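Welcome, and please open your viewer. We will go from stop to stop, selecting one thing at a time.

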Amino acid sequence: MSDRTLGFQYATPAQQREASTLGMWTFLATEVLFLGTLVAAYLNYRIYHPHEIIEAARHTKIVLGTANTGVLLTSSACMAMAVRSVDDQARRSAVWWLLATALLGILFVAIKGYEYFEEFQEHLVPALNFDFTRYGPVGELFFTWYFAVTGFHAVHLVIGIVIVLIAAGLLAADRFPDTMSVRIIGLYWHFVDIVWIFLFPLIYLAGRAH
Amino acid sequence: MSRATIWRCWLALVLLLTATTASAFVPLGAFNLVVSLVIAITKALIVLLFFMELSASRALVRAFAAAGFFWLLIMIVLTGADYWHRTDVRAPIDMTTSY
């Protein structure tokens, strides 16, 4: 697993590892900017409509949101354990840690889905059933942003879950290709976790003390 | 990274999560946002330095990792320089409320 076949363009395995690491970080830099625009948008909304945004954010489900953050942080620890296991040449344990990571990811998506269901019942979904008279125009602005940003995050997570499951399957069958790396998959997974770390206070913690 | 380090990081992350949620219910005014963002940055640094192994990476890898966040900072500051200082010409998002 760690003795990967060397690509013809590389002099040493270390150089090959660093090239793929830099490639992933370059991709993640574009992701920082993609999801960062939504964070920048939120900061502008918050400065323009401080009270209304906070009022709208209080309709989010803080218990589910906090639980989900815990789930995602734990999944990252499992992913780090999978990388550790690969380094130790412990294939079986790497498979189990990858499965644990994917399962926690699926749990996150399930909780998120239940949250969307509750929000639908409270008429908080713009374009579907938003109660304009009850939550107002800035409320609609906030929830449009909320569904866009959590939706994009969920799409990233689902892609991560699929990749982690494929990696676990290939590893279990001892057919893990040289072109794949659990460590690089881990970088992507941890990045999706970091995005949520910033979304969590912006979405769920605004205006709780008022 | 050792198994012990991984789970110590996990414990720190969960404790910080508890702290940030608890702090949200303490009335601090605008400082609620500041406290929660400082905790978020701390959590992100733990993930970046340990889980994403930047603490053990070469400077080149760290520079690649920092570049994305640095550019994000430029984007937020330049957007803010426009939106946050408009007085006479209002931004389109002002149309969403009537003053």
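How many helices and strands does the secondary structure of chain A have? Select chain A and you will find six helices and zero strands; helices (H or I, at least four residues) and strands (E, at least two) are DSSP runs, numbered from the N terminus. The C-alpha trace of chain A spans about 65 × 30 × 30 Å along its principal axes.

A note before moving on: this is a predicted model, in which local features need pLDDT of at least 70 and side-chain atom pairs count only at pLDDT 80 or more, while totals for chains, interfaces and linings use all residues. Residues are numbered from 1 along each chain as its sequence is written, and chains are lettered from A and ligands numbered from 1 in the order in which they are written.

**Stop 1: helix H5 of chain A**

Select residues 132-172 of chain A, which form H5(A). A straight helix of 41 residues would span 60 Å at 1.5 Å a residue (the expected span is 1.5 Å times one less than the number of residues), but H5(A) spans only 52 Å between its end C-alpha atoms. Now centre on A:Val138, where H5(A) bends by about 70°; the bend is the angle between axes fitted to the seven residues ending there and the seven starting there. Just after H5(A), look for A:Asp174, which has a positive phi of about 55°.

**Stop 2: where H2(A) meets H5(A)**

Add residues 50-57 of chain A, helix H2(A). The axes of H2(A) and H5(A) come within 9 Å and cross at roughly 70° (axes are lines fitted to C-alpha atoms, for helices over the stretch in contact, and angles run from 0 to 180 degrees between N-to-C directions). The two helices are therefore roughly perpendicular, the word used for 65 to 115 degrees. A:Val138 appears again here, among the H5(A) residues that meet H2(A); contact means C-beta atoms, placed from the backbone, within 7 Å.

**Stop 3: across to chain B**

Show both chains: the contact takes 42 residues from chain B and 40 residues from chain A. On the chain B side, H3(B) gives the most, with 12 residues.

Finally, select H6(A), residues 182-204, together with H2(B), residues 31-51 of chain B. They pack at an angle of about 170°, with their axes 9 Å apart. That makes H6(A) roughly antiparallel to H2(B), a label for angles over 145 degrees. Among the residues to display are A:Ile194 and A:Phe198 in H6(A), and B:Leu37 and B:Val47 in H2(B).

Definitions and conventions: Contact = placed C-beta atoms within 7 Å. Parallel < 35°, antiparallel > 145°, perpendicular 65-115°, else oblique.
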